[in-house]
Amino acid sequence: MVSFLFFSLLFSFLHFTSSHPSIGITYSAPSTTNSTAVPPPPDKIASIISALKITSVRLPDPGPSLIEAFSSTNTSLFLSISNPLIPTLASNRSVALGWLRLHVLPFYPRSKITLISVGNTVLNSTHVEDFSPFILPAMRNLHRGLRDNGIGKIRISTTFAFFSTITTAFPPSSAVFKQSAGDLIIKPILQFLEQTNSSFLINLYPYNLFHLNTEIPIGFALFQDNPFNFRDDFVSGIRYFNLFPMMANAVLTAMKAMGYENIPLVVAETGWPSSGSEAEANGVYAEMYLKGLFRHLKSGAATPLKKNGLAEVYVYELMDHHGGRNERGGEWGILSENMKMKYDVEFSGGAKNCGLVAIWFSICLVIASMAFC
């Protein structure tokens, strides 16, 4: 009877609990040259993020004081290195070690640094300089620097943009990496990520894809519940009800086509602007997207193609910066410039809140078992 009760309890917990990707935020400080806004002090930013119950933060401009500010929190940090630094990091191991001595070694593990991205959207055709040949050597130098200092838990990767790396969003089953970057750049990076137990990082913006394709209904991009909001992938047999998982599955398919389907996928950026030159860039749609995204991710069905297909998702971004540097244009913050919350969204929350259901079902099994014994 004891063994039966044990396995009944174990079965109920395994069956009724599920996981979802961690949901984080990006914080980029306003540019002091193009904006009149005074950047909040680092400890203020850390306390705000903790108060919002956000457990992971992406820092595109990871200054040492900002990294140190999170040492008294339980927030995990995802650091990014700017593209112009990549060639020197690639050519000189001492430079890579110098970067680690400034941004990692004084603070780790008090500051929970978990991930470092070498550059952001380096393959983007709009960039003036081509840093792509230097990405992998820079990643290797940083990885070796961490190992030489006895740090094995910080992952090294780089961040790609969906439109500069993936051939098609629909059908996702037909997606592959664009050539020649796919074989020359992405495949060796995937091999490195597999060898080092790291993650593939991608920026996914349904907002951008919606504007590129006039056939996409706005509701399909905004997670609206509508019986006609779907597209069928007849090859995979998957029916998609919104744009975000469709784009994520396209990335997973491209990774699988290269033989690297087991590498975790991290969405380094996603979001919807609350202002901008397009009519759809407004606060109503931004809140609809974020609420729909959070509901979708917390449902445990982030990607229909692969269970637990997404490891982490980072929303762009924490604050609006009026007149400041923002390469995407418009305002994308979940907070206004005066630190007021713009949307009714919650970052925290368990996987479907199924723990109580599992316990209740387990008790029922125990009572039923005792009745028959």
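At what angle do helix H6 and helix H8 pack, and how far apart are their axes? In this predicted model, helix H6, which covers residues 135-148, and helix H8, which covers residues 181-195, pack at an angle of about 15°, and their axes are 10 Å apart. Because angles under 35 degrees count as roughly parallel, H6 is described as roughly parallel to H8.

## The protein as a whole

Before looking further at single pairs of helices, it helps to have the whole chain in view. The protein contains 13 helices and ten strands, and of its 373 residues, 50% count as buried. Among the contacts in the protein with a separation of 6 or more, 72% are made by residues 24 or more positions apart. The surface that the protein exposes comes to about 17200 Å², and carbon and sulfur atoms supply 58% of that area.

## Two helix pairs that share H6

Two packed helices are described by the angle between their axes and by the distance between the axes. The table sets out these values for two pairs, both of which include H6.

| Helix pair | Angle between axes | Distance between axes |
|---|---|---|
| H6 and H8 | about 15° | 10 Å |
| H5 and H6 | about 60° | 9 Å |

To return to the pair with which this report began, the crossing of H6 and H8 is left-handed. On the H6 side, the residues of the contact are Ile135, Leu136, Met139, Arg140 and His143, and these meet Pro188, Ile189, Phe192 and Leu193 in H8. Sorted by character, the residues where H6 touches H8 comprise seven nonpolar, one polar and one charged.

The second pair brings in H5, which packs against H6 at an angle of about 60°, with the two axes 9 Å apart. That angle makes H5 oblique to H6, and H5 passes H6 in a right-handed crossing. Here Arg93, Ala96, Leu97, Trp99 and Leu100 in H5 meet Asn141, Leu142, Arg144, Gly145, Leu146 and Asp148 in H6. The residues of this contact of H5 with H6 divide into six nonpolar, two polar and three charged.

## Two cis peptide bonds

Which residues does a cis peptide bond with omega of about 10° join? The bond in question joins Tyr108 and Pro109, and Pro109 lies in the loop between helix H5 (93-103) and strand S4 (112-120). Pro109 counts as exposed, since its relative accessibility is 58% and the cut-off for exposed is over 50%. Although Pro109 and Lys153 are 44 residues apart in sequence, the two are 9.9 Å apart in space, taken from C-alpha to C-alpha.

Another cis peptide bond runs from Tyr316 to Glu317, with omega near 0°. Glu317 has its place in the loop between strand S10 (310-315) and helix H13 (355-372).

## Residues with positive phi

The loop between S10 and H13 also holds Met339, which has a positive phi of about 75° although it is not a glycine. With a relative accessible area of 24%, Met339 is partly exposed.

Phe223 is a residue other than glycine that has a positive phi, in this case near 60°. Phe223 is found in the loop between helix H10 (218-221) and strand S7 (231-233). Is Phe223 buried or exposed? Its relative accessibility is 6%, and Phe223 therefore counts as buried, the cut-off for buried being under 20%.

## Two residues around strands

Ser56 lies in strand S2, which spans residues 56-59, and Ser56 is buried, with a relative accessible area of 2%. Which residues are in contact with Ser56, if its neighbours within four places in sequence are left aside? They are Ser22, Ile23, Gly24, Ile25, Thr75, Ser76 and Tyr314.

Asn308, by contrast with the buried Ser56, is partly exposed, with a relative accessible area of 47%. Asn308 lies in the loop between helix H12 (283-298) and S10. In sequence Asn308 and Leu265 are 43 residues apart, while in space the C-alpha atoms of these two residues are 9.2 Å apart.

Note on methods:
Residues are numbered from 1 along each chain as its sequence is written. This is a predicted model: local features need pLDDT of at least 70, side-chain atom pairs count only at pLDDT 80 or more; totals for chains, interfaces and linings use all residues. Side-chain values use heavy atoms; hydrogens and water are left out. Helices (H or I, at least four residues) and strands (E, at least two) are DSSP runs, numbered from the N terminus. Buried means under 20% relative accessible area, exposed over 50%, partly exposed in between (1.4 Å probe, protein chains only). Contact means heavy atoms within 4.5 Å. Accessible areas come from the Shrake-Rupley method with a 1.4 Å probe; for residues, only the protein chains shown count as cover. Axes are lines fitted to C-alpha atoms, for helices over the stretch in contact, and angles run from 0 to 180 degrees between N-to-C directions. Angles under 35 degrees count as roughly parallel, over 145 as roughly antiparallel, 65 to 115 as roughly perpendicular and the rest as oblique. A crossing is left-handed if the near helix is turned anticlockwise from the far one by less than a right angle, and right-handed if clockwise. Ala, Val, Leu, Ile, Met, Phe, Trp, Tyr, Cys and Pro count as nonpolar, Asp, Glu, Lys and Arg as charged, and the others, Gly among them, as polar.
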